[in-house]
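Grab a pencil and work through these short exercises with the model on your screen. Each one sets a task and then walks through a solution, step by step.

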Amino acid sequence: MRVDMNISENIKEPYAVIHTAELTPEIAELAREISQFQSGKAVLIGNLDDRMVVIDPEKIVLIRVESEKVYIVTEEATYRIGKRMYELLEVLGKDFMQVSKSAAINLKYLESVEPSFNGVMLLHMKNGEKEYISRKFVPQLKKYLGL
């Protein structure tokens, strides 16, 4: 795929134009991903009590997968979201880290780390949530903590 960029002082708001012979699922996904970004911030829509709610990425404490469904936990509520965890991690960036097969945390909300059994550690989040980090992800956490 070829990419052309036009940088001009006359352009007030950035926009993207896609030229294609046909609308493929890949092109539709690319257009959806581009349209979800607003001023460098991802827009996440979660479901709560039959309502669709815009979730501020800064307020996300952790992401959990339960029964093949993905949930975003904030200080206020837990939302069901229609994306996979790896897709969320790509969008959310460096402040988020996967800590197990079924969980990821916002490192800004990490309060303390407690050793547990078999090299597993228990993470305490600032909002009172707790999550286990599996041995596979401990080196990455230690690097983040400077240990």
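## Exercise 1: A network of charges

The side chains of Lys-108 and Asp-95 come together in a salt bridge, with N and O 3.2 Å apart. Here a salt bridge is a side-chain nitrogen of Lys or Arg within 4 Å of a carboxyl oxygen of Asp or Glu. Before we go on, note that this is a predicted model, where local features need pLDDT of at least 70 and side-chain atom pairs count only at pLDDT 80 or more, while totals for chains, interfaces and linings use all residues. Residues are numbered from 1 along each chain as its sequence is written, and side-chain values use heavy atoms, with hydrogens and water left out.

Task: work out which parts of the chain the pair Lys-108 and Asp-95 ties together, and which residues are linked with them in a network of salt bridges.

Step 1. Lys-108 sits in the loop between β9 (103-106) and β10 (110-115), and Asp-95 in the loop between α2 (85-92) and β8 (96-100), so the pair ties together parts 13 residues apart in sequence. Helices (H or I, at least four residues) and strands (E, at least two) are DSSP runs, numbered from the N terminus.

Step 2. Now look at Lys-94, which also forms a salt bridge with Asp-95, the closest N and O atoms being 3.7 Å apart.

Step 3. Put the pieces together: Glu-58, Lys-94, Asp-95 and Lys-108 are linked in a network of salt bridges.

Step 4. Check how open these side chains are. Buried means under 20% relative accessible area, exposed over 50%, and partly exposed in between (1.4 Å probe, protein chains only). Lys-94 is exposed because its relative accessibility is 74%. Asp-95, at 23%, is partly exposed, and so is Lys-108, at 43%.

## Exercise 2: A long-range pair

Task: find the partner of Glu-129 in a salt bridge, and say where the two residues lie.

Step 1. The partner is Arg-64, with the closest N and O atoms 2.9 Å apart.

Step 2. Glu-129 is in the loop between β11 (121-125) and β12 (130-133), and Arg-64 is in strand β5 (residues 60-66); the pair links distant parts of the chain, 65 residues apart.

Step 3. Compare with the cut-offs: Glu-129 is partly exposed because its relative accessible area is 24%, whereas Arg-64 counts as buried because its value is 18%.

Step 4. For the whole model, the count of salt bridges comes to five.

## Exercise 3: Around Thr-74

Task: is Thr-74 buried or exposed, and which residues does Thr-74 touch?

Step 1. Locate Thr-74 in strand β6 (residues 69-74).

Step 2. Thr-74 is buried because its relative accessible area is 4%.

Step 3. Leaving out residues up to four places away in sequence, Thr-74 touches Ile-55, Lys-59, Ile-60, Val-61, Tyr-79 and Asn-127. Contact means heavy atoms within 4.5 Å.

Step 4. Add one more detail: a polar atom of the Thr-74 side chain lies 3.2 Å from the backbone nitrogen of Glu-76.

## Exercise 4: The segment before α1

Task: describe how open Val-3, Asp-4 and Asn-6 are, and place Asn-6 relative to Met-52.

Step 1. Val-3 is found in the segment before α1 (25-35), and Asp-4 and Asn-6 are found there too.

Step 2. Val-3 is exposed because its relative accessibility is 64%; Asp-4 is exposed at 57%, and Asn-6 at 61%.

Step 3. Asn-6 and Met-52 are 46 residues apart in sequence and 36 Å apart in space, C-alpha to C-alpha. Asp-4 and Val-17 are 13 residues apart along the chain, with 9.8 Å between their C-alpha atoms.

## Exercise 5: The whole shape

Task: how many helices and strands does the protein have, and is it spread out or a compact globule?

Step 1. Count three helices and 12 strands.

Step 2. The radius of gyration (taken over C-alpha atoms) is 18 Å, well over the 15 Å that the globule rule gives for 147 residues, so the protein is more spread out than a compact globule. That rule is 2.2 Å times the number of residues to the power 0.38.

Step 3. Along its principal axes, the C-alpha trace spans about 55 × 40 × 30 Å.

Step 4. Finish with burial: buried residues make up 33% of the 147 residues.

Note on methods:
A polar contact is a pair of N or O atoms within 3.5 Å; within protein, one must be able to donate a hydrogen and the other to accept it, and residues adjacent in sequence count only if both atoms are side-chain atoms.
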